[in-house]
Amino acid sequence: MTTRVRPSSKRCAVIGGSGFLGRHLVEKLADKGYTVSVFDIRQSYELPGVTFYLGDLCDKQALLPALRDVSLVFHCASPAPGADDRALFERVNISGTRTVIQACHEAGVQKLVLTSSASVVFEGTDIKNGKEDLPYAKKPIDFYTLTKIQQEKLVLEACDKENGFLTVAIRPHGIFGPRDPQLVPILVDTARRGKMKFIIGNGSNLVDFTYVENVVHGHVLAAERLRPESPICGQAYHITNDEPVFFWDFMSQILVGLGYNAPRYHLPYWLVYGIALLLWVLTVLLRPLVSWKPTFTPMRVALAGTHHYYSCARAKQDMGYQPVVSLKDAIMLTVESYPHLRQGA
Ligand SMILES: NC(=O)C1=CN([C@@H]2O[C@H](COP(=O)(O)OP(=O)(O)OC[C@H]3O[C@@H](n4cnc5c(N)ncnc54)[C@H](OP(=O)(O)O)[C@@H]3O)[C@@H](O)[C@H]2O)C=CC1
Ligand SMILES: CC(C)CCC[C@@H](C)[C@H]1CC[C@H]2C3=C(CC[C@]12C)[C@@]1(C)CCC(=O)C[C@@H]1CC3
C-alpha cells in the first residue's frame with residue numbers, strides 16, 4: 001500500500017525563483033518560515049532552506065520533483081518582454097502554463113498563484129485608475145502581452161473549488177528594485193549612450209511603478225488568503241505602489257540619483273512612436289541578416305508616452321493589501337542598490 005504524504009502548508013514552490021521578482025519572493029517566504037523549492041532554467045544564488053530544481057517548465061517530468069509534497073505554487077517565470085520571439089512566448093507562457101497546471105494536478109498541489117501583469121489590458125492608449133473589470137487588450141501591443149493574457153485566462157479558468165484546486169492572478173505594474181535586470185539597467189545604458197536627452201510627449205503622463213517588496217507582499221497575501229470561501233478564488237488583482245507618478249519624473253529621479261542628467265527636450269509622441277514602429281518592422285524584415293535590438297521599441301515608447309495607472313481597491317478590500325514601502329523610499333533604496341551603475345563607476 002502506498003501512503004501519500006499530505007503536503008505541508010509551509011512548503012511551497014516558486015517557478016521562476018531565480019529571477020528578479022522570484023528571488024525576492026523566495027527570500028521573503030524563507031524569512032516567513034516556508035520551506036521553498038525553486039524551479040528555474042538557471043540557479044542564480046543559494047539560500048538555507050531553499051532547494052533548487054533546474055529545468056524548463058514546459059517539461060512536466062522535470063517540473064514534478066519540484067512540486068512533490070508542496071501545497072502552494074507561485075508561477076513567476078516568463079521570457080523577458082524584450083525577447084520579441086513569438087514562438088518562445090507561446091511555448092513558455094501558454095503551453096508551459098498548461099504544463100504547470102497539469103503538473104500541479106498530478107502532484108496534488110492545492111493553490112496556484114500566478115504573476116500576471118497589469119499590461120494584459122494595455123493597448124498603447126491611456127488607462128487612468130484602471131480596474132480589474134477592464135477587458136483584456138483586443139490588440140495587445142506585443143507578443144509578451146498577448147501570451148500573458150492567455151496565461152492569465154488559463155490559470156483563472158483552472159480554479160476548481162470542488163476539486164480543491166484554487167488559483168489567483170497578481171497583476172503588478174512596472175516592477176523595480178534591487179537586482180532588477182530591466183528598468184534601471186536599460187535606463188542607464190540608454191543614458192550612457194547619450195540617448196536619454198528627450199522626453200517623449202509633454203511629460204504629463206501618470207504611470208504606476210511598483211517596488212518589488214510590495215509585489216512580493218501582494219503575492220504572499222494572496223497565497224495566505226486563498227481558501228475555498230475567499231472572494232479571491234479565480235480572480236485577478238492589481239498590485240501597485242498606489243502612488244501614480246509622472247513617467248518622466250520617475251525616470252529623472254532614478255537618473256539624477258545615479259549621477260546622470262535628467263532628460264529635458266520634448267519630442268512629439270506620435271513621431272517617436274512612428275519611428276519605433278518603423279525600426280521594429282525593419283528588424284523583423286532583416287532578422288536573418290542583422291541581429292540588432294532597438295532601445296525604443298513601440299511597447300517602450302507607448303509606456304513612456306501614455307497614462308497607465310491602476311486601482312488597487314480590489315486588492316485592498318479582498319486581501320487587505322497596502323503597499324509596505326513608499327515610492328520615495330523605494331526610489332532611494334533602488335538607487336543605493338546600483339553603485340556599479342553610477343555615472344563614472
Ligand atoms: N518586471 C516587470 O516589470 C513585470 C514583470 N511581470 C511578470 O513578473 C514575472 C517575473 O518577472 P521578472 O522577475 O521581471 O523576470 P525575470 O526574467 O527576472 O525572471 C523570470 C525567471 O524565469 C526564468 N524562466 C524563463 N523561462 C523559463 C522556462 N521555460 N522554464 C523555467 N524558468 C524559466 C528566467 O530565466 P532566464 O532569465 O534565464 O530567462 C528567470 O529566472 C513574469 O511573469 C513577468 O511577466 C509582470 C509585470 C511587470
Ligand atoms: C528607454 C526609455 C524610453 C525607457 C526605459 C525604461 C523602460 C525599460 C521601462 C519603463 C516601463 C517599464 C515596464 C516594463 C519593462 C521596462 C520598462 C519598459 C514592463 C513591460 C515589464 C513587463 C510587464 O509586464 C509590464 C511592464 C510595464 C512597464
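The paragraphs below go through a predicted model, taking its two ligands, a pair of helices and two single residues in turn.

Ligand 1 is a convenient place to begin. Around it stand 24 residues, and those that come nearest are Phe20, Leu21, Asp40, Tyr144 and Lys148. Several polar contacts can be picked out here. A polar backbone atom of Phe20 is 2.9 Å from an oxygen atom of ligand 1. The backbone is also involved at Ile41, where a polar atom is 3.3 Å from a nitrogen atom of the ligand. Tyr144 takes part through its side chain instead, with a polar atom 2.6 Å from an oxygen atom of ligand 1. On its own, ligand 1 has 880 Å² of accessible area, and the protein covers 86% of this. The elements that give two or more residues to its shell are α1, residues 20-31, and α4, residues 143-157. Phe20, already named for its backbone contact, falls within the range of α1. Tyr144, with its side-chain contact, falls within the range of α4. Sorted by class, the shell around ligand 1 holds 10 nonpolar, 10 polar and four charged residues.

Ligand 2 comes next. It is surrounded by 14 residues, of which Pro81, Ser117, Tyr144, Gln182 and Phe296 are the closest. Tyr144 therefore appears in the list for ligand 2 as well as in the list for ligand 1, given that a residue is counted as near a molecule when one of its heavy atoms lies within 4 Å of it. Two side chains make polar contacts with ligand 2. Ser117 places a polar side-chain atom 2.7 Å from an oxygen atom of the ligand. For Tyr144, an N or O atom in the side chain is 2.7 Å from an oxygen atom of ligand 2. The accessible area of ligand 2 on its own is 600 Å², and the protein covers 93% of it. Two or more residues of the shell come from each of α7, residues 247-257, and α9, residues 298-305. The shell divides into eight nonpolar, five polar and one charged residues.

Helix α7, one of the elements around ligand 2, also packs against another helix. Two packed helices are described by the angle between their axes and the distance between the axes. For α7 and helix α11, which spans residues 327-336, the axes come within 9 Å and cross at roughly 40°. The crossing is right-handed. On the α7 side the contact is made by Phe250, Gln253, Ile254 and Gly257, and on the α11 side by Leu327, Ile331 and Val335. By class, these residues are five nonpolar, two polar and no charged.

Two single residues complete the tour. Lys111 belongs to strand β5, residues 111-115. Leaving out residues up to four places away in sequence, Lys111 touches Ser71, Leu72, Val73, Leu166, Ala223 and Leu226. With Ala223 there is a polar contact: the side chain of Lys111 reaches the backbone oxygen of Ala223 at 3.0 Å. Leu226 is 115 residues from Lys111 in sequence, yet the two C-alpha atoms are 7.2 Å apart in space.

Gly49 sits in the loop between β2, residues 35-40, and β3, residues 50-54. Apart from neighbours within four places in sequence, Gly49 is in contact with Thr35 and Val36, and both of these numbers fall within the range of β2. Lys60 is 11 residues from Gly49 along the chain, and their C-alpha atoms are separated by 24 Å.

Technical notes:
Residues are numbered from 1 along each chain as its sequence is written. Chains are lettered from A and ligands numbered from 1 in the order in which they are written. This is a predicted model: local features need pLDDT of at least 70, side-chain atom pairs count only at pLDDT 80 or more; totals for chains, interfaces and linings use all residues. Side-chain values use heavy atoms; hydrogens and water are left out. A polar contact is a pair of N or O atoms within 3.5 Å; within protein, one must be able to donate a hydrogen and the other to accept it, and residues adjacent in sequence count only if both atoms are side-chain atoms. Accessible areas come from the Shrake-Rupley method with a 1.4 Å probe; for residues, only the protein chains shown count as cover. Helices (H or I, at least four residues) and strands (E, at least two) are DSSP runs, numbered from the N terminus. Ala, Val, Leu, Ile, Met, Phe, Trp, Tyr, Cys and Pro count as nonpolar, Asp, Glu, Lys and Arg as charged, and the others, Gly among them, as polar. Axes are lines fitted to C-alpha atoms, for helices over the stretch in contact, and angles run from 0 to 180 degrees between N-to-C directions. A crossing is left-handed if the near helix is turned anticlockwise from the far one by less than a right angle, and right-handed if clockwise. Contact means heavy atoms within 4.5 Å.
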